[in-house]
Amino acid sequence: MVAITLAHYQSGPDLSIEKKEPALKPNTIQTDSCNQAGAICEIPSNISNLGSEIVVPAKSSLIKSATVVGLGTLLSRVAGLVRDQVTAFYFGAGPIADAFFVAFRIPNFLRRLLAEGALTPAFIPVFTQRMKDQGINGAAKLYKGTFGLLSLFLIILTIVGIIIAPLIVTAMAPGFRENPAQFELTVLLTRVLFPYILLMSLTALAMGALNSLGRFTIPALGPVALNIAMIIGAVILSPRLSTPIMGLAAGALLGGILQLAIQLPLLKKAGPFLGLTFRFKDPAIWRMIKLMIPAALGGAAYQISILLNTLLVSFLPKGSVSWLYYADRLMQFPLGIFSIALATAVLPALSRQSATGDHEGFRKTISGTVGLQFFITIPAMVGLIVMSKTLVELLFQRGNFDQISSVQTAKALWAYVLGLPFLSGVSLLARAFYSRANTKTPALIAAICLAIGLVASAILMFPLKHVGLALASSITSFLNFIWLAWLLRKRSDLAFRPMIKQCLSYIIWAIIMGAALWPLYAFSSSSTLERLGRILIGLILGPAIYFGLAFVFHCPHLAPFKSLISKLKRIIKR
């Protein structure tokens with residue numbers, strides 16, 4: 001899903017600013033406090049010009065950080081895939097699975113709204129500025145004060161959520177009231193899962209601090225613990241419980257605890273970060289809260305659209321919630337491995353460049369990373385479209401997950417992945433605005449995108465059912481990306497035209513790749529081994545064709561991959 005954000009600079013939420021910022025000389029912060037934190041305040045040379053127009057990420061701490069996050073996310077996605085396979089096997093795509101996915105969506109909605117949508121964008125720029133001004137001790141005081149106030153707020157929120165769970169479920173999935181047993185199960189699961197928001201928000205805060213300090217490995221591995229815990233819950237706990245699906249919910253809570261716990265030793269090693277205070281008078285905390293409110297409003301618009309889609313899908317045939325869930329999970333695989341990894345790594349870099357007035361470095365960083373993510377996500381989109389049915393059959397069609405569920409999930413996947421490049425692009429462009437402590441204008445654009453998305457959902461769900469809801473999500477992502485890119489271009493923060501030219505090349509290469517792969521997936525197979533073979537051939541042949549064309553036409557975005565391959569060769573030789 002997409003976090004809807006926009007630009008807002010010091011002048012306020014003006015959507016048509018034409019005044020350009022003058023290019024400022026890059027600076028490097030060299031203070032004792034930075035050295036204490038492992039020289040994290042040193043601004044990397046993370047972009048280089050290759051050619052007259054295109055800027056791409058080169059050898060840099062940004063690429064290294066993104067690689068670390070990407071590998072961690074790859075492990076997480078693999079574990080998540082196994083988790084989804086286990087869930088599909090044990091619970092299929094019926095009323096019980098739908099009840100769990102709706103209940104789990106509630107704390108996830110709050111997590112994305114409060115932790116990822118508001119807290120992280122507001123915390124990292126303020127934390128980075130505090131590190132620059134007061135060093136590691138000042139940053140630690142800010143962290144502990146934020147941890148204390150956030151914990152207090154989330155405990156109250158959790159208690160209230162548990163009490164009013166029936167009202168929340170009624171608002172989210174009113175169609176479930178037609179099946180009293182399903183409704184009661186969803187309420188019970190919601191109450192069990194509500195503390196998840198407390199655990200995940202505190203985890204997001206810890207991860208934001210560690211990322212700002214240049215630590216990416218352990219935070220990137222955190223979601224692996226969640227997926228492993230949920231697998232254990234489904235396989236070991238579920239068969240022993242009178243309500244088996246409760247084992248999956250218990251696993252989710254255990255995973256939340258583990259995700260937070262593994263961050264703490266690294267925080268302790270980084271500085272005096274452990275502990276909590278209630279620093280109501282700290283101006284930095286109030287500045288962060290001030291930034292969080294519009295960020296939350298902007299994030300809320302998109303998350304509300306997700307909840308309203310949940311409301312709409314509750315009126316569709318049974319299994320629709322699960323079909324959309326599994327399709328979204330498959331789309332999230334390439335999104336998480338590369339795009340979110342790059343977005344996670346780029347926010348601290350952009351925050352440092354913004355804090356030191358390095359406007360040219362800022363422009364090159366965001367332009368290069370957006371171009372690079374298009375280079376990856378466009379062929380990923382085409383590949384998922386071509387392989388969709390075979391991929392779903394291979395991964396999920398067993399146990400209670402039947403052929404009908406495979407077909408319906410594959411249809412939803414088609415609709416979702418059409419928006420993959422734009423969803424990825426929004427994730428990166430959002431960081432450009434967050435790094436400038438920009439959280440006001442997003443609320444305005446988010447409201448507009450929400451309205452458009454809801455109209456599209458209401459129109460498309462009648463002829464296309466659940467597929468219409470997925471397609472509406474892709475339309476919203478496209479509009480959101482275009483608007484954000486236009487605003488950045490107006491501020492001279494994005495090299496838009498060169499990026500468009502490159503994207504046209506990527507689309508052509510991806511279409512050639514898709515045409516070559518299509519015969520492999522034009523027919524069905526009942527053999528799991530045959531499906532696996534066809535998927536493996538596609539995963540080898542597809543990238544070979546695409547990257548081969550990129551090599552022949554001297555694509556500048558191959559540079560980071562060439563650098564990575566060279567490093568791997570040196571490691572192997574050792």
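The paragraphs below lead through a predicted model, moving from its aromatic rings to its helix packing and then to several loop residues.

A convenient place to begin is with the aromatic side chains, since the structure holds 23 aromatic pairs. One of these joins Phe 375 and Tyr 506, whose rings meet edge-to-face, with 5.2 Å from centre to centre and 65 degrees between the planes. The two partners come from distant parts of the chain, for Phe 375 belongs to helix H12, which covers residues 359–396, while Tyr 506 belongs to helix H17, which covers residues 496–517, and 131 residues separate them. Phe 375 counts as buried because its relative accessibility is 0%, where the cut-off for buried is under 20%. Tyr 506, also at 0% relative accessibility, counts as buried too.

Phe 375 takes part in another pair, this one with Tyr 546, and here the arrangement is tilted, with the centres 5.4 Å apart and the planes at 45 degrees. Because Phe 375 lies in helix H12 and Tyr 546 in helix H18 (residues 528–552), this pair ties together parts of the chain that are 171 residues apart in sequence. Tyr 546 is buried as well, with a relative accessible area of 1%. Seen from Phe 375, then, one ring pair leads to helix H17, and another leads to helix H18.

Elsewhere, ring pairs link a set of residues into a cluster, made up of Phe 100, Phe 101, Phe 104, Tyr 196, Tyr 325, Tyr 326, Phe 396 and Phe 401. A ring can also have a charged side chain over it, as with Phe 183, where Arg 177 lies over the face of the ring at 4.1 Å from its centre.

From the rings we can turn to the helices, and in particular to helix H16, which spans residues 466–490 and whose axis comes within 7 Å of that of helix H13 (residues 403–417), the two crossing at roughly 20 degrees. Angles under 35 degrees count as roughly parallel, and H13 and H16 are therefore described as roughly parallel to each other. Their crossing is right-handed. On the H13 side, the residues that meet H16 are Gln 408, Lys 411, Ala 412, Ala 415 and Tyr 416, and on the H16 side they find His 466, Val 467, Ala 470, Leu 471, Ser 473 and Ser 474.

Helix H16 also packs with helix H14, which covers residues 420–434, at an angle of about 35 degrees and with the axes 9 Å apart. This crossing is left-handed, whereas the crossing of H13 and H16 is right-handed. Phe 422, Leu 423, Gly 425, Val 426, Leu 429, Ala 432 and Phe 433 of H14 meet a set of residues in H16 that consists of Ser 477, Phe 478, Asn 480, Phe 481, Leu 484, Ala 485 and Leu 488.

The loop between helix H15 (441–464) and H16 contains Lys 465, a residue that has a positive phi of about 55 degrees although it is not a glycine. Lys 465 is partly exposed, with a relative accessible area of 41%. His 554, in the loop between H18 and helix H19 (559–573), likewise has a positive phi, near 55 degrees, in a residue other than glycine. His 554 counts as exposed, at 69% relative accessibility.

Helix H18, which already appeared through Tyr 546, also holds Arg 531. Arg 531 counts as buried because its relative accessibility is 5%. Leaving out residues up to four places away in sequence, Arg 531 touches Thr 390, Glu 393, Leu 394, Gln 397, Ser 525 and Ser 526.

Two further loop residues show how positions far apart in sequence can be set against each other in space. Leu 520 lies in the loop between H17 and H18, and the C-alpha atoms of Leu 520 and Val 386 are 9.0 Å apart, although 134 residues separate the two in sequence. Apart from neighbours within four places in sequence, Leu 520 is in contact with Arg 534, Ile 537 and Gly 538. Gly 399, placed in the loop between H12 and H13, is exposed, with a relative accessible area of 57%. From Gly 399 to Phe 91 the C-alpha distance is 8.4 Å, while the sequence separation is 308 residues.

How values were computed: Residues are numbered from 1 along each chain as its sequence is written. This is a predicted model: local features need pLDDT of at least 70, side-chain atom pairs count only at pLDDT 80 or more; totals for chains, interfaces and linings use all residues. Side-chain values use heavy atoms; hydrogens and water are left out. Rings of Phe, Tyr and Trp (its six-membered ring) pair if their centres lie within 6.5 Å; planes under 30 degrees apart count as stacked, over 60 as edge-to-face and the rest as tilted. Helices (H or I, at least four residues) and strands (E, at least two) are DSSP runs, numbered from the N terminus. Buried means under 20% relative accessible area, exposed over 50%, partly exposed in between (1.4 Å probe, protein chains only). A charge sits over a ring if NZ of Lys or CZ of Arg is within 6 Å of the ring centre and within 35 degrees of the ring normal. Axes are lines fitted to C-alpha atoms, for helices over the stretch in contact, and angles run from 0 to 180 degrees between N-to-C directions. Angles under 35 degrees count as roughly parallel, over 145 as roughly antiparallel, 65 to 115 as roughly perpendicular and the rest as oblique. A crossing is left-handed if the near helix is turned anticlockwise from the far one by less than a right angle, and right-handed if clockwise. Contact means heavy atoms within 4.5 Å.
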